[in-house]
Amino acid sequence: VFAHVVKAPEDPILGVTVAYNKDPSPVKVNLGVGAYRTEEGKPLVLNVVRRAEQMLVNDPSRVKEYLPITGLADFNKLSAKLIFGSDSPAIQENRVATVQCLSGTGSLRVGSEFLARHYSERTIYIPQPTWGNHPKVFTLAGLSVKTYRYYDPATRGLNFQGLLEDLSSAPSGAIVLLHACAHNPTGVDPTLDQWEQIRQLMRSKGLLPFFDSAYQGFASGSLDADAQSVRIFVADGGECLTAQSYAKNMGLYGERVGALSIVCSSADVAVRVESQLKLVIRPMYSNPPIHGASIVATILKDRALFHEWTIELKAMADRIISMRQLLFDALRARGTPGDWSHIIKQIGMFTFTGLNREQVAFMTQEYHIYMTSDGRISMAGLSSKTVPHLADAIHAAVTR
Ligand code: PMP
């Protein structure tokens with residue numbers, strides 16, 4: 001009965017790793033998926049995560065019972081505080097409904113399923129370009145996806161004018177997906193002043209912000225600085241949604257820990273919204289897993305562990321920033337044609353190199369460097385040992 005099923009293509013991002021794993025070359029480098037690697041090229045489990053896990057293992061009162069549909073209560077409260085700030089009026093006024101979800105992706109999915117059921121406007125505007133999974137998540141949730149201009153290939157920076165024009169002509173009430181920081185794939189973020197202009201425009205048109213926060217702390221090394229965009233919107237008392245992921249900033253990729261927060265107009269509305277979120281979640285996966293959320297809650301509620309986390313997080317962010325400088329210097333040293341300053345200007349895990357599909361294919365074939373076909377490279381996957389090889393490959397690709 002399944003003989004008619006055709007083979008689906010690999011996922012454009014995760015498929016890069018599949019191809020990488022098949023390559024026997026000793027010099028191969030995987031810059032596809034956005035996962036942090038150490039200077040030795042190894043995955044990193046944060047010390048603070050190991051410590052928190054040890055505490056959990058040694059606590060005999062810990063059991064493996066089901067969590068509530070909404071997840072671990074402590075985790076939810078602490079996650080809202082982390083993104084909105086501990087002095088956020090929305091939190092103090094109990095206007096935030098937070099539910100633990102399956103990392104950032106699950107939070108986006110639950111949020112958009114909720115919107116498709118309960119929000120008046122079904123259109124969501126996403127930046128062009130954006131993370132490849134966004135349109136799929138929103139479409140499957142029942143939203144209709146449109147794009148707004150975001151990136152200007154000529155400047156390799158923000159197309160702010162285009163962004164404002166497109167949001168101005170969006171129908172009032174439309175949902176707008178915003179990357180809270182470290183825009184993926186471009187590494188280009190609005191300045192605080194531009195965020196304020198976006199806020200004014202969106203609020204004046206009644207556009208609903210849906211923030212995707214997958215990199216808090218990873219962009220600048222500061223958890224507060226990376227949450228400014230979200231906090232600017234929450235400070236005006238208006239509504240918004242936020243999908244948070246702990247994949248990158250705590251290195252909990254496979255634990256699938258995240259949270260969806262919906263900031264509402266009153267405490268009463270938040271209670272009703274939460275009750276409806278439960279109806280979205282229950283038939284989808286019943287309730288979320290306990291282990292990862294317990295790690296996060298343990299770290300967020302303990303002053304010393306929290307402090308240790310911020311230090312390890314900053315070290316990851318700093319290593320990425322230093323890779324930007326190394327790569328930039330290496331291209332300069334080779335006299336590679338072109339202006340590569342965007343490598344040091346862009347923010348977060350990725351550099352949107354500007355290399356085209358053919359150049360990417362050439363680099364994979366000749367240099368065993370794996371990256372997405374849009375020319376995005378994960379700076380977190382680089383080390384001082386692999387930068388020269390990458391610079392050679394880029395040089396060869398652009399001078400071919
Ligand atoms: N949003 C963006 C912009 C991302 O880059 C990612 C991870 N690549 C996610 C959401 C979701 O990741 P996860 O589900 O692993 O938290």
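1. The sheet. In this predicted model, seven strands form an open sheet with mixed pairing, and their order is β2-β10-β9-β8-β7-β3-β4. Two strands pair on one side only: β2, residues 96-102, and β4, residues 144-149, which are the edge strands. From one strand to the next the twist averages 25 degrees. As background, strands of a sheet pair through backbone hydrogen bonds, in either a parallel or an antiparallel arrangement.

2. The β2 edge. Strand β2 pairs with β10 (residues 257-263) in the antiparallel sense, over seven bridges. Within this pairing, A97 has I262 in β10 as its bridge partner. Helix α3, residues 73-84, packs on the sheet and touches β2, β8 (208-213), β9 (240-245) and β10. The direction of α3 makes about 110 degrees with that of β2. Helix α10 (residues 267-285) lies across β2 and β10 as well, and α10 runs at about 15 degrees to β2.

3. The β4 edge. Here the partner is strand β3 (residues 123-128), which pairs with β4 in the parallel sense over six bridges. Bridge partners across this pair include I124 with V145 in β4 and Q128 with R149 in β4. Between β3 and β4 the chain passes through helix α6, residues 133-141, and this β-α-β crossover is right-handed.

4. The other side of β3. Strand β3 also pairs with β7 (residues 175-179), in the parallel sense and over two bridges. In this pairing Y125 stands opposite V176 in β7. In general, side chains in a regular strand alternate between the two faces of the sheet.

5. Peptide bonds and backbone angles to check. Most residues other than glycine have a negative phi, and most peptide bonds are trans. Three places in the model should be read against that background. A cis peptide bond joins Q128 and P129, with omega about 5 degrees. P129 is placed in the loop between β3 and α6, while Q128 is bridged to R149 in β4. A cis peptide bond also joins N184 and P185, and there omega is about 15 degrees. P185 sits in the loop between β7 and α8 (192-205). The remaining place is N94, a residue other than glycine whose phi is positive, near 55 degrees. N94 belongs to the loop between α4 (89-92) and β2.

6. The ligand shell. Which residues come nearest to the ligand? Of the 13 residues around the ligand, these are S103, G104, T105, A214 and S245. Helix α5, residues 103-118, supplies the largest share of the shell, three residues. By class, the shell holds four nonpolar residues, eight polar ones and one charged one. Some of these positions can be placed against the sheet: β9 spans 240-245, and S245 is among the nearest residues.

7. The annotated domain. The UniProt record, an unreviewed entry, places the feature "domain: Aminotransferase class I/classII large" at residues 28-394. In the model, the end C-alpha atoms of residues 28-394 lie 14 Å apart. The span is 46% helix and 16% strand.

Technical notes
Residues numbered from 1 in each chain as written. Predicted model: local features only at pLDDT ≥ 70, side-chain atom pairs only at ≥ 80, totals over all residues. UniProt positions renumbered as here; feature names shortened; annotations may be inferred. Helix = DSSP H or I, 4+ residues; strand = E, 2+ residues; numbered from the N terminus. Near = placed C-beta within 6 Å. Nonpolar A, V, L, I, M, F, W, Y, C, P; charged D, E, K, R; others polar. Pairing = 2+ DSSP bridges. Axes fitted to C-alpha atoms, helices over the stretch in contact; angles between N-to-C directions. Contact = placed C-beta atoms within 7 Å. Right-handed = clockwise from strand over helix to strand, strands pointing away.
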